[in-house]
Amino acid sequence: MSILSETPALFELGLLCPEARIEPVSDALQALDALSVSVEDADARTGAEQALFGEPGLPPPRAGWQRSRVCALFSTEAAARQAQQLLGVQDFFAGCQPLGITPVAEQDWVRLTQAQFAPVEITAQFWIVPSWHALPAQAVHSLRLDPGLAFGTGTHPSTRMCLRWIAGQGAPEGQPLGRVLDYGCGSGILALAAAKFGARDVDAVDIDPAAVQATARNAQANAVQLHAGLPEQARGEYQTVLANILATPLRVLAPLLCGHLAPGGRLVLAGILERQAQVLKQAYAPWLALTVTDAEDGWILMTARRH
Ligand SMILES: C[S@@+](CC[C@H](N)C(=O)[O-])C[C@H]1O[C@@H](n2cnc3c(N)ncnc32)[C@H](O)[C@@H]1O
């Protein structure tokens, strides 16, 4: 298979739907054996384009746009045409409009997807590298991580800042990480990095069971020893507590995270926007004094030592 050959392999049914119809129409398309259903802003790249904001790790605030283009892929033209006919007679289709059925050239989806993920440079010597890429020649330290269901491939500024902080502990001015807790581990990327940079015992926890599984798989792929589990599996005191979540959960988690810090231990928080620094400082003030120690693209890293 080539990345783009001329053979039409699939058929795309396009529909224009108002926001209130997106969910029932998408559900019906899936029930009609669509191979995939995607939703886009029908007014994208026009003056009427609407932004849907969601902080990383959280779903967007709404199911779709005022006018959404819903695209469903079918394996045959007949299946796409039948789906269009069946949808056309449903009550919930009122206000929707078919945009037509178009053949989609056969593509090598795997290669196309892989091509979008390149190695990520954390420091000149520390790289996050997808499994299908060769290691960059200058990579002294590396983690093998593929994009998956759990957050954390090193492309987000918050993750990168945490990774830089961890890598800095391996530098001459750094300090041993000791026992490490990665709270909200996602793919396990911070826990894996901590293990690579000398942590002696690593616990990685997340409320999402898919993240726990991904962390265990990624640990195996990187030949790293760690304990992945749900939050209640964080036990006792740690010399390093890492939490890249978001400002609101981090505020709520202040007593819990500080309760896990050993005397002299260090707390590293990320997932925080510049304007949220003060709120976080106040929330943690009863236990320790957070300071901003790194910043990238409007996101900040906050760290503190427990006395
Ligand atoms: C932004 S991702 C960070 C993933 C990874 N640690 C990184 O640095 O890229 C945040 C993770 O925290 C998890 N999470 C959110 N709220 C949580 C909570 N209250 N307790 C534990 N994990 C939580 C989410 O499921 C998600 O996997």
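In which sense do strand E2 and E3 pair, and over how many bridges? In this predicted model, strand E2, made up of residues 36-41, pairs with E3 in the antiparallel sense, and six bridges are found between the two. Within this pairing, Ser38 has Cys71 of E3 as its bridge partner. Strand E3 itself spans residues 67-74 and presents two faces: Ser68, Val70, Ala72 and Phe74 lie on the covered face, whereas Arg67, Arg69, Cys71 and Leu73 lie on the uncovered one. In general, side chains in a regular strand alternate between the two faces of the sheet.

Arg69, which belongs to strand E3, counts as partly exposed because 18 C-beta neighbours lie inside 10 Å, a number short of the 20 or more needed for a residue to be buried. When residues up to four places away in sequence are left out, the contacts of Arg69 are with Gly14, Leu16, Glu40 and Ala42. In the case of Ala42, the C-alpha atoms lie 4.9 Å apart in space, although Arg69 and Ala42 are 27 residues apart in sequence.

With respect to overall composition, the secondary structure of the protein comprises nine helices and 14 strands, and 35% of the 307 residues count as buried. Of the contacts with a separation of 6 or more, 67% are between residues 24 or more positions apart.

Seven of the strands form an open sheet of mixed pairing, in the order E10-E9-E8-E11-E12-E14-E13. Strand E10 (227-229) and strand E13 (291-296) are the edge strands, each of them pairing on one side only, and from one strand to the next the twist averages 15°. Inside this order, strand E8 (residues 179-183) and strand E9 (residues 201-205) run parallel and are joined by five bridges, with Tyr183 standing opposite Val205 in E9. Helix H5 lies across E8, E9 and strand E11 (238-244), and the direction of H5 is at about 165° to that of E8.

The largest nonpolar core consists of 61 residues, and Cys162, Leu190, Ala191 and Ala194 have the most contacts inside it. H5 supplies the largest share of this core, namely seven residues. For Leu190, with residues up to four places away in sequence not counted, the contacts are with Cys162, Leu163, Ile166, Asp182, Cys185, Leu242 and Asn244. Another core, of 15 residues, lies apart from the one just described and includes Leu15, Val70, Phe74 and Ala83; of these, Val70 and Phe74 are on the covered face of strand E3.

Around the ligand there are 22 residues, of which Gly152, Thr159, Gly184, Gly186 and Asn244 come nearest. Helix H4 (157-168) and helix H5 (189-196) are the elements that give two or more residues to this shell. By class, the shell has 13 nonpolar, seven polar and two charged residues. Asn244, named among the nearest residues, is also one of the contacts of Leu190.

Towards the C-terminal part of the numbering, Val279 is placed in helix H9 (residues 277-284). Val279 counts as partly exposed because 14 C-beta neighbours lie inside 10 Å. Apart from residues up to four places away in sequence, Val279 touches Ala247 and Arg251; the C-alpha atoms of Val279 and Arg251 are separated by 8.0 Å, while the two residues are 28 residues apart along the chain.

Methods
Residues numbered from 1 in each chain as written. Predicted model: local features only at pLDDT ≥ 70, side-chain atom pairs only at ≥ 80, totals over all residues. Buried ≥ 20, exposed ≤ 12 C-beta atoms within 10 Å, placed from the backbone. Helix = DSSP H or I, 4+ residues; strand = E, 2+ residues; numbered from the N terminus. Pairing = 2+ DSSP bridges. Near = placed C-beta within 6 Å. Nonpolar A, V, L, I, M, F, W, Y, C, P; charged D, E, K, R; others polar. Axes fitted to C-alpha atoms, helices over the stretch in contact; angles between N-to-C directions. Contact = placed C-beta atoms within 7 Å. Core = buried A, V, L, I, M, F, W, Y, C linked by C-beta atoms within 7 Å.
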